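Reader: I'd like a close look at one part of this model, and then how that part sits in the whole chain. Could you pick a residue and walk me outwards from there?

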Amino acid sequence: CQASAKQMTGKLASEHAALTAEIALTTGDYALAREHAEKARRSRDDALKRRGIQALARCAQHRGDLAQATELLASLVERDPKDAAARANYAKALCAQGEFSEALTEAIKGTDESTPIEERFLSHEVAGLANLYLGHAEEVAKHFESLPRLAKEAESLRLLGRAQGLRGMLAQRQGELVAAAELYAEAAKNSLASGASHAAAVFNLNSATVQQRSARYADALDSLQSALRQLGRSSTPFQMAAAHCNRGNLLLSLGELAAAEEEARRALALAETASEPRMHYYAYILLGDIAMRRHSLSDAAKRYRDALELAEDNQLSDGLWARLALQEVQAQSGSGNAKELRERHPGDSAEQSAKSLASHARVLLLLGEMSEGVAEELQALCTQLQEEHDLDLGWQVAVLAARALQALGDETGLRAALARAAEIFQLVVQQTPEAYLAGLRTHPEAQILESLLLEERSERTISS
């Protein structure tokens, strides 16, 4: 095959290059795709040249060079404004850069029932994503609901996988974690069946996230293992580092500190090979969290400061996590500025707001300054997390709510809150593999819950 390819010349060689690039993109071999896309772009045939440029734009998107991807796709639209595929991909690139209004305009421009199915699919995908980020919920549902129908019309498992993955993302944002996990699992299965192993890996990573939030830890570990296997040699260091970081966080929540540290070190090594500050940031935070579990406050503070400095130097949007973690370790060690420690950082998303509230509550408890307002917020958040089946954060917030009521001297509220915390934690225990139960019970909030329950039982025994 390789020998015959070398003997090809002219248009036939360009056709071979364009086709090879497109197949390589499907399987996630971006180095091979880029090599052959460059050859196709040099073709004298306009159609083959366009296919080469399109493939190069996909490669640029994959390595995070969104500016070049957008420039390449804009050149295709400029050359032929009627090219529906070029316009839809240009809209997708704009969406990736945060130009949501412009992306929405481009996505729906000139698309009708005569447009080829794959281009219509992509237009609805981009329009749905743009509306999602613009906060137009009804429009998102309308566009995303049309995707499975278009995928079936095209008889494409690859497109069906993408449709299910997008609907999974919407379900996740709406707090429907069980539905999201099912959709991501189907998306991964159909993507893998179509040969789109890289897409399958991404959907497995997403599935692991919602499975962990639902306290389905064994399923989450399986999904992460599948993702790591599917990423293989075709992935970027950033993607592999993200997968190792996610696995490390999951193992940490199960008390597997040595295994979690090993994953953090792997992520850090991969981040260093790619000079990727965002993954450095998350690896530092994971190492800080591990140090906290080992009661090494000075090491944890150093890691969190490194992460925060990295976020500020590189203008990362994720800096909140390092700031919250550093506040907690400073409150615990008594080393922070009291006014700054009391400062609350609400976050930009529902997940950030929830975790920010939990962190703020822990700081107030350490400072001995719990308020009725925060206690009420914790109880309301616990109810919300239960409704969403977010058991992983839910049981921890339930314990925090009980601690808050205890700090306020509300004995009646404390008993009810403890009963709820114990009930939610028991659900988590029932779903956790026996091999991880001992580790789960080493979680600081689990130990506090056990202590509070023993204290309550002792008081009941004395009073009776």
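Author: Before we start, one cut-off: two residues are in contact here when heavy atoms of theirs lie within 4.5 Å. Keep in mind, too, that this is a predicted model.

Let's take His360. You'll find His360 in helix 21, which covers residues 350-367. Is His360 buried or exposed? His360 is buried, since its relative accessible area is 10% and the cut-off for buried is under 20%. And which residues does His360 touch, once neighbours within four places in sequence are set aside? The contacts of His360 are Arg342, Glu343, Arg344 and Val374.

Now for another histidine, His295. His295 sits in the loop that joins helix 17 (277-293) to helix 18 (297-313). With a relative accessible area of 68%, His295 is exposed, because exposed means over 50%. The backbone is worth a glance here: His295 isn't a glycine, yet its phi is positive, at about 65 degrees. That positive phi comes just after helix 17.

Glu155 makes a nice companion case. Glu155 also isn't a glycine, and its phi is positive, about 55 degrees. Look for Glu155 in the loop between helix 10 (147-153) and helix 11 (157-173). Glu155 counts as exposed, because its relative accessibility is 75% and the exposed class begins over 50%.

Back to helix 17, the one that ends ahead of His295. Does its length add up, or what would you expect the span to be? At 1.5 Å a residue, its 17 residues should span 24 Å, and the end C-alpha atoms are 25 Å apart, so the two agree. Of those 17 residues, 13 are buried, so helix 17 is largely enclosed by the rest of the structure.

Tyr281 takes us from there into the interior. Tyr281 is among the residues with the most contacts inside the largest nonpolar core, together with Tyr304, Leu378 and Trp395; that core has 89 residues. Helix 23 (residues 391-407) gives the most to this core, with 11 residues. A second core lies apart from it, with 42 residues, among them Val77, Tyr90, Phe144 and Leu160. As a general tendency, nonpolar side chains in soluble globular proteins are buried together. Beyond its neighbours within four places in sequence, Tyr281 is in contact with several residues, including Ala307, Leu310, Ala311, Leu316 and Trp321.

You may also be wondering about cysteines. Cys245 is buried at 3% relative accessible area, and Cys382 is buried at 1%. How many disulfides does a search of the whole structure find? The search finds zero.

Finally, the whole chain. There are 26 helices and zero strands. Buried residues make up 50% of its 464 residues. Among contacts with a separation of 6 or more, 57% join residues 24 or more positions apart. The C-alpha trace spans about 90 × 45 × 45 Å along its principal axes. For 464 residues, a compact globule would have a radius of gyration near 23 Å, and the chain has 25 Å, which agrees. The accessible surface of the chain comes to about 22,100 Å², and carbon and sulfur atoms hold 49% of that.

Notes: Residues are numbered from 1 along each chain as its sequence is written. This is a predicted model: local features need pLDDT of at least 70, side-chain atom pairs count only at pLDDT 80 or more; totals for chains, interfaces and linings use all residues. Side-chain values use heavy atoms; hydrogens and water are left out. A disulfide is a pair of cysteine sulfur atoms within 2.5 Å. Buried means under 20% relative accessible area, exposed over 50%, partly exposed in between (1.4 Å probe, protein chains only). Helices (H or I, at least four residues) and strands (E, at least two) are DSSP runs, numbered from the N terminus. The expected span of a helix is 1.5 Å times one less than its number of residues. The radius of gyration is taken over C-alpha atoms; the globule rule is 2.2 Å times the number of residues to the power 0.38. Accessible areas come from the Shrake-Rupley method with a 1.4 Å probe; for residues, only the protein chains shown count as cover. A nonpolar core is a set of buried Ala, Val, Leu, Ile, Met, Phe, Trp, Tyr and Cys residues joined through side-chain atoms within 4.5 Å.
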